[in-house]
Each structure stands twice: as structure tokens, then as C-alpha cells.
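This briefing goes through one protein chain, from its overall form to selected residues. The sequence and structure come first.

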Amino acid sequence: MRNAVNVGELIATTDNAAAIGEKPQDIVFAPDKLTAYLTARVTFLEQLAAGAIPMHIILANFSGDASWTRYVAGIGQVFEEVGLLCPPIDGSSESNMPTLQSGLSITMLGEIQQRLPFDRDNLSWYTYGLPLVGKEVLEQPEDVAQLQPIFRAWREEIVQQVWPVGSQGLQAEFSRLFGHHQVKSSLNIEKSAGPCAVMLLGINPEKEQLAQKLFTRNFEKCQSLKQF
């Protein structure tokens, strides 16, 4: 698993955002709904990486009571995009102390799905999306890996392994998967991908043509690997 924890028979994943929102002292101004959507998106993708589907959500809201509804709407957008009912959302808001900057954390609890076994070394590996962070995500939303085709390909087992690329960049994630190997890509392999703007997708070689029909933008096969 990437950034997931087994809690009994459940999978727990979490992500957070700080100083991104609607408060005057936020570093990046963005609607609360969008901030929650991007945060929930990461948490959802971590569930897929662990082979699970979220069943319950816990929201920690540090931005005040007024932000709660907007955050819930952003979380719901993730599930609307992939065609799932949004799980129950519980949690808490900081209402005693006014905060100068926005902050939230989203935790999802999921159930592991029964899927066919696979060998990572026998999959074809592709990148999907461009490495974007901060304002770049807001300015280039079309270059962020889209949830709907990812989930469809995962559900239909065209994609066997979903692996989000976050703040450490593509090379760091590839090393987590394969050890001391370097990925050759046209992307900047060291640049942060922010809220998982790039995905590594392990695809069944027999279904590569199907994948190419689903992922029509910023979809690139990892061309070669070498030990370093």
C-alpha cells in the first residue's frame, strides 16, 4: 500500500490542506468547495491504491462552522464524478477559536474489494496527468488526472494498480514501487504533483488499447527503466 493503514478489516487513508481557501491570510485563494474536493480526491485515490472503496468519511474542519457545508459539497463532488453514492460524513469543526488561515483534514475508511491477483513487474506502466502544484492546479484543471476514467478503468480491471504521485514527485513514487530504478519520462520526474495531479497506472498489457481510448490526454507510457 502507498499511504494507507489497515484498521481491522478496514483501510484508512487521509489527506489535509492548510492555508488554501477563502480566508484573507490564505497563501492560495480557492473556494472551500474546491479545496475539499481536491483533498478528498487524494484520499479517494489512496483508497483505490489499496484496492478499497470508501464506506465512511471523517472531516476535521479548522476553518470555522461556515465552511462545513462547502467542504461537504466538495467531498460529495468526488463521488458524483465516479458514480458512487457519497458515504456518511462525520467529524468536527473548530468553532471556539477563530483561525486566520483555512485548514481541513479528510479521512476515509474503506472496504477491500475482491480483485484478480497481479504482478507489478508484468504490468505496463503509464503516467496520466501533468505535475502541477498550488496555483497551477487552479489554472490548468484539464491537465490534472481525471477521476472518472481512473475509476472506470480500475473497476473494469483495465488498470490493475493505481499509484498517486504527490509532493515528492514521479521518481520518488516509482522508487517506492520498484526500488532503485529510474523512470524515463517526458515529465519533470522531480517536480511535486500537488494533489496527485499525476497518476502512475499499472495496466494489463492485454488491455492497453482500451486504456488509450479512456485516457485521451497527458497519457504516456514509461519508456524504459534502468538501475541506478
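At 4% relative accessibility, Ser-102 counts as buried. The model shown here is predicted. Ser-102 sits in the loop that runs between strand E6 (89-93) and strand E7 (103-112). The points below cover this residue, the chain as a whole, the aromatic pairs and several other positions.

**Ser-102 and its surroundings**

- Apart from neighbours within four places in sequence, the contacts of Ser-102 include Ala-17, Ala-18, Ala-19, Ile-20, Gly-21, Glu-22 and Lys-23.
- Asp-26, Asp-32, Ser-63 and Tyr-71 are also among the residues in contact with Ser-102.
- Ala-19, one of these contacts, has its place in the loop between strand E2 (10-18) and strand E3 (20-21).
- Ala-19 is buried, because its relative accessible area of 13% falls under the 20% limit.
- The phi angle of Ala-19 is near 60 degrees, which is a positive value in a residue other than glycine.

**The chain as a whole**

- The secondary structure of the protein chain consists of six helices and 13 strands.
- The radius of gyration is 18 Å, which agrees with the value near 17 Å for a compact globule of 228 residues.
- Along the principal axes, the C-alpha atoms of the protein chain fill a box of roughly 55 × 35 × 30 Å.
- Among the 228 residues of the protein chain, 50% count as buried.
- Of the contacts with a separation of 6 or more, 80% are between residues 24 or more positions apart.
- The protein chain has an accessible surface of about 11100 Å², and carbon and sulfur atoms account for 52% of that surface.
- The chain carries 18 positive and 25 negative charges, and the mean positions of the two sets are 6 Å apart.

**Aromatic pairs**

- Eight aromatic pairs are found in a search of the whole structure.
- In one of them, Phe-44 and Phe-79, the ring centres are 5.6 Å apart and the planes meet at 85 degrees, so the pair is edge-to-face.
- Because Phe-44 belongs to helix H1 (residues 32-49) and Phe-79 to helix H2 (residues 68-82), the pair ties together parts that are 35 residues apart in sequence.
- Both partners are buried: Phe-44 has a relative accessible area of 0%, and Phe-79 is at 1% relative accessibility.
- Another aromatic pair, Phe-215 and Phe-219, is stacked, with 5.0 Å from centre to centre and 25 degrees between the planes.
- Phe-215 is buried at a relative accessible area of 2%, and Phe-219 is buried at 18%.
- Ring pairs also link Phe-44, Phe-79, Phe-151 and Trp-154 into a cluster.

**Helix H4 and the residue that follows**

- Phe-151 and Trp-154, both part of that cluster, are among the buried residues of helix H4 (residues 147-155).
- Leu-147, Pro-149, Ile-150 and Ala-153 are also buried in helix H4.
- Just after H4, Glu-157 has a positive phi of about 60 degrees.

**Thr-127 in strand E8**

- Thr-127 lies in strand E8 (residues 124-128).
- At 1% relative accessibility, Thr-127 is buried.
- Not counting neighbours within four places in sequence, Thr-127 is in contact with residues including Leu-170, Ser-185, Leu-187, Val-198, Met-199 and Leu-200.
- Asn-218, Phe-219, Glu-220 and Cys-222 are also among the contacts of Thr-127, and Phe-219 is a member of the stacked pair with Phe-215.
- Thr-127 and Val-165 are 38 residues apart along the chain, and their C-alpha atoms are separated by 9.3 Å.

**Val-5 in strand E1**

- Val-5 is part of strand E1 (residues 4-7).
- With residues up to four places away in sequence left out, Val-5 touches Leu-10, Ile-11 and Ala-12.
- From Val-5 to Arg-155 the distance is 22 Å, C-alpha to C-alpha, across 150 residues in sequence.

**Cys-196**

- Cys-196 is placed in the loop between strand E10 (181-183) and strand E11 (198-203).
- Cys-196 counts as buried, with 2% relative accessibility.
- The phi of Cys-196 is near 55 degrees, again a positive value in a residue other than glycine.

Definitions and conventions:
Residues are numbered from 1 along each chain as its sequence is written. This is a predicted model: local features need pLDDT of at least 70, side-chain atom pairs count only at pLDDT 80 or more; totals for chains, interfaces and linings use all residues. Side-chain values use heavy atoms; hydrogens and water are left out. Rings of Phe, Tyr and Trp (its six-membered ring) pair if their centres lie within 6.5 Å; planes under 30 degrees apart count as stacked, over 60 as edge-to-face and the rest as tilted. Helices (H or I, at least four residues) and strands (E, at least two) are DSSP runs, numbered from the N terminus. Buried means under 20% relative accessible area, exposed over 50%, partly exposed in between (1.4 Å probe, protein chains only). The radius of gyration is taken over C-alpha atoms; the globule rule is 2.2 Å times the number of residues to the power 0.38. Contact means heavy atoms within 4.5 Å. Accessible areas come from the Shrake-Rupley method with a 1.4 Å probe; for residues, only the protein chains shown count as cover. Lys and Arg count as positive and Asp and Glu as negative; His and the chain ends are not counted. The place of a charge is taken as NZ of Lys, CZ of Arg, CG of Asp or CD of Glu.
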